[in-house]
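Here is a brief report on a multi-chain model. Have the sequence and coordinates open while reading.

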Amino acid sequence: MKRLLPILVLLVAATPARAATPQEGVVANVTQGKSLYAANCSRCHGSRGQGLRDQGPSLKDAGALAADFYVRTGYMPLDNPHSQPWRTRVLFTEQEIRSLVAYVATIGHGPAIPSPQWQTASVAAGRQLFADHCAGCHQIAIAGGVLPGARIPPLNQPTPRQIAEAVRVGPYLMPKFSTKAITPTQLNDLVAYVQYAKRPDDRGGWAIGHLGPWPEGMVTWLLAASILVATCLLIGRRLKA
Amino acid sequence: MIRRLVRFVDQRSGGAPFVRKALRYVFPDHWSFLLGEVALYCFILLVATGVYLTLFFEDSRSQTVYHGSYKPLQGETMSRAYESVLHLSLDVKAGLLMRQTHHWAANVFLAAILLHVLRVFFTGAFRKPRDLTYVIGLAMLFTAFLEGYLGYSMVDDLLSGMGLAIGYSVALSLPVIGANLGLLLWGGPFPGSPSFIPRIYIAHVLIFPLLIIALLTLHLVLVASRHHTQFRESPKTTEKQVVGIPAFPGQAPRSLGLMFAVFAVLFLLGGLVQINPIWLWGPYHVGEATNGAQPDWYLGWLIGALRLVPGFDLTVGGYTLVPNPFWGGALFPVVILFVLALWPWAERRVTGDDAFHNLLERPRDNAWRTSLGAAFLTWIFLVFMSGSADRVTVWLGLDYSAQIWAYRVLIWLVPLLVFFAVRRACRELLAWEQIRSD
Amino acid sequence: MSRVKALLIAAVVLLLGRGRPKRERRPEHRIVPPGPADRRAENLVLLLFGGVTACGVAFIVFYAIDKLGHETQWLGLALGLAFALLTLACIVIARRLVVTEELPEPYPEDHPDEVETIAELIDESGSRFTRKRLVTLAGAGALGTLGLAALTPAASLGPALDTSALKKTPWRRGRRLVDESGKPIPAADIEAEAFYTAYPEGADRELIGSPLVVVRIGPGNAGVVAYSKICTHAGCAIALYRKPTFPDTQPGPALVCPCHYSSFDPAKNGKVIFGPAGRPLPRLPLEIDGEGNLRAAGGFSGPVGPSWSGVRR
């Protein structure tokens with residue numbers, strides 16, 4: 001916990017948007033949520049969240065969980081329904097987010113917002129789960145990756161809650177995992193591993209991105225080879241013009 | 001004192017005349033002639049640090065459950081090979097320094113050889129009587145590729161396991177003999193028999209290093225026996241006469257200084273910049289993979305080639321004759337090796353120039369060679385670049401498939417442009433010099 | 001006491017090199033041309049050597065301190081700096097304290113006479129043979145065969161001639177699928193939009209033919225499909241499942257390998273839809289046992305793992 005506290009502090013400090021962290025004492029207002037929905041979401045998801053063909057999926061049973069995830073990451077609203085949602089600045093205030101989420105939660109019977117108890121969970125168990133389920137896309141040290149048709153976000157930015165939500169939602173092209181596939185306990189472990197991987201045990205100096213050979217090659221050429229060529233220039237002579 | 005020592009040695013070895021000659025062996029002075037030395041000093045450090053690492057490495061794939069000091073891997077099943085490298089990295093004092101320095105040295109070794117080859121190529125130093133020296137150098141380069149690959153493969157972490165899977169697939173893809181060769185080397189279907197890790201271990205620490213040492217010795221003996229090439233600088237530097245700094249006392253501190261510079265850079269990197277943090281990759285299992293897996297930089301051209309080749313196997317009547325990895329993983333490097341190795345003979349045939357060449361050409365002096373070589377290099381370099389298209393997607397959001405299609409076109413177009421641009425540049429430079437001297 | 005004093009004086013004298021004056025050999029000409037002394041450069045070199053010594057000591061100290069955080073960094077810094085200072089010392093010596101001569105030396109030439117002699121020597125040595133070609137041929141054949149014989153034991157390295165092992169997998173009819181923790185997998189638990197890794201019950205998981213990827217492409221028991229998790233291109237694990245949340249606007253489902261991004265369509269028997277793979281992903285037919293768990297209904301639809309020359313398409 002002592003190691004993790006600074007991470008938490010950093011996370012909070014690093015969160016760019018004003019409304020991305022839940023605040024106490026803000027009350028949701030479903031009516032306000034409904035009008036926010038009409039203004040920002042209905043163009044693709046339909047006036048009652050029923051979804052529109054070629055525009056956006058139905059929000060029935062999406063629940064507060066999905067709404068909270070999509071709005072707080074800035075994934076939604078999306079300019080173009082064909083483009084990949086990507087983390088951007090959140091445009092709503094905390095009050096607005098809560099109201100919007102509360103409204104979307106009234107469409108069907110979706111899951112509530114999770115609150116992962118990862119602080120006491122097992123990083124080792126989480127690492128194993130991550131290697132089995134997540135590393136193929138997000139890279140084993142959470143540096144993100146690619147698949148044909150999408151880029152896969154690194155996991156440095158999402159909060160523990162957003163990680164837990166994403167596992168259940170499966171945003172964009174990501175598979176989704178129910179409580180049967182990944183139990184709540186396992187989810188806590190998973191979140192604990194991602195939190196660990198944001199600031200892993202970095203022995204051996206400057207970590208150059210936890211990407212392995214790619215940045216290592218850059219250092220080889222831009223740093224080592226350049227210095228050694230410069231040394232050669234210092235020791236040896238150049239041709240007279 | 002010195003006199004007595006020299007006398008002692010000479011009376012027992014008769015080596016005084018040789019040593020006297022060696023001390024006054026002349027080194028023509030140009031900074032680019034030092035690049036080969038950089039590679040040599042990397043190799044020395046590789047052997048030194050490598051010997052240290054062997055004292056801790058356990059060449060075994062037998063599985064064990066980890067209960068060491070690194071918490072996130074507690075309770076995981078892993079091979080003893082991987083466990084021993086974890087232990088070396090995290091629990092042995094100075095172990096990580098040695099391992100990281102060794103790995104950086106490998107990366108820089110290959111970079112230095114490559115720079116050296118480029119210098120030799122673009123100055124025409126490979127011409128008779130040094131064509132054999134050049135071919136031996138190329139053999140060393142390709143041995144070093146394999147040596148490096150084996151080195152990071154035997155650790156049995158997630159990345160090395162994926163690399164071995166690809167190596168196995170390339171072996172299997174060789175026409176006709178592929179399956180037999182793959183099974184022979186691996187001792188069975190992937191991931192191979194329990195003796196596979198001991199095999200690549202002994203190849204990495206004994207067979208390939210011996211091969212490199214043998215080639216290196218031959219290379220240096222040939223270089224020394226023909227003397228070094230030189231640029232035409234004064235009336236004294238001619239095809240018949242070399243001018244340079246004697247080994248002792250002039251060159252010795254220069255070369256020693258360069259050696260210490262190589263050691264300094266590599267130890268500083270080994271201590272200050274993390275390389276291959278295997279504890280983060282975790283152990284390899286056949287059913288696991290990570291995104292963004294790349295080989296070390298010097299094999300980047302191969303992953304690029306494997307990714308660029310369109311998806312097809314060459315088949316005859318429902319049977320695969322040539323599986324896909326052959327094109328990028330085997331044919332591509334072999335073509336490059338052959339083009340480079342046969343270049344001296346090809347050039348001699350085309351130009352009809354069979355003379356001895358001790359004087360170097362500046363790149364601009366031979367526009368044809370320089371522009372063709374630059375185009376060829378560009379081709380390889382673009383394939384190399386395409387190997388990192390996935391990272392470009394992560395950073396810049398450029399669509400991966402679109403990049404692959406773009407590269408499939410660009411690797412043919414850009415070299416053509418480079419050829420004409422470089423040829424033009426060479427000619428312009430010469431013309432400019434002409435005007436200036438007039 | 002006086003003995004100690006005498007020893008000390010002797011030591012100092014030895015150290016400073018002020019013993020008996022050297023008999024100056026005055027050669028007619030020097031080999032290395034003379035140059036002026038450079039005290040400043042010399043001082044600099046002394047200083048640099050001092051620095052190297054300090055770094056060396058620091059390395060040992062860092063090594064000895066047990067609870068030193070960032071141990072690797074301190075060790076590397078000490079050693080690296082030591083060598084960097086040594087480099088500087090060498091460069092100062094080369095530039096300022098050692099004469100840089102430029103000596104001419106003739107390039108070695110070839111030796112046509114010697115070449116002729118060697119050829120003649122070899123030629124004449126064999127003059128007593130009457131059937132030179134035949135003997136050479138027989139000799140080459142003998143040595144070649146012996147060489148081949150010496151290489152033969154290498155065949156023991158693996159089943160080189162019998163490649164049938166490549167087609168073997170642990171999967172056969174009735175074998176149960178289990179998840180990472182070894183539990184059987186009920187067909188009903190396989191959910192749409194998720195992906196699962198499965199292994200053969202009671203078999204080695206580290207075989208290339210073992211791991212499966214299981215996904216649901218439709219409702220009911222028939223909607224569950226299983227493929228080999230090993231890419232047919234280069235043998236990496238198919239660890240990506242591209243699954244659209246909203247198929248109207250997003251790319252369709254695909255099983256993807258992260259090594260070279262070969263993509264396979266799970267709904268079309270593992271057909272290649274992108275990337276360098278030349279063969280579809282082998283599919284494992286499934287059946288449901290009495291307890292509702294997934295079992296193999298037979299072997300794979302094709303050979304598992306990377307292709308080889310001669311593999312059936």
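The sections below cover one chain fold, one interface and one sheet.

## Model and chain A

The model is predicted. Chain A holds 10 helices and two strands. Along the sequence, the elements of chain A run α-α-α-α-α-α-α-β-β-α-α-α.

Of the 241 residues in chain A, 51% are buried. Take the contacts in chain A with a separation of 6 or more: 71% of them come from residues 24 or more positions apart.

## Where chain B meets chain C

On chain B, 82 residues are in contact with 72 residues of chain C. Which element supplies the largest share of the chain B side? Helix α10 of chain B, residues 247-272, does so with 15 residues. The class count for the side of chain B that touches chain C is 47 nonpolar, 27 polar and eight charged residues.

Strands also pair between these two chains. Strand β4 of chain B (residues 241-246) and strand β1 of chain C (residues 103-106) run antiparallel, joined by four bridges. B:V242 has C:E105 as its bridge partner in β1(C).

## The open sheet of chain C

Chain C has an open sheet of five strands, ordered β2-β3-β4-β5-β10, with antiparallel pairing. The edges are β2 (177-178) and β10 (283-284) of chain C. Each has a single partner strand, so one side of each is left without a neighbour in the sheet.

Within chain C, strand β3 (residues 195-200) and strand β4 (residues 212-216) are antiparallel and share four bridges. For C:A198, the bridge partner in β4(C) is C:L212.

Technical notes
Residues numbered from 1 in each chain as written. Chains lettered and ligands numbered in written order. Predicted model: local features only at pLDDT ≥ 70, side-chain atom pairs only at ≥ 80, totals over all residues. Contact = placed C-beta atoms within 7 Å. Nonpolar A, V, L, I, M, F, W, Y, C, P; charged D, E, K, R; others polar. Pairing = 2+ DSSP bridges. Buried ≥ 20, exposed ≤ 12 C-beta atoms within 10 Å, placed from the backbone.
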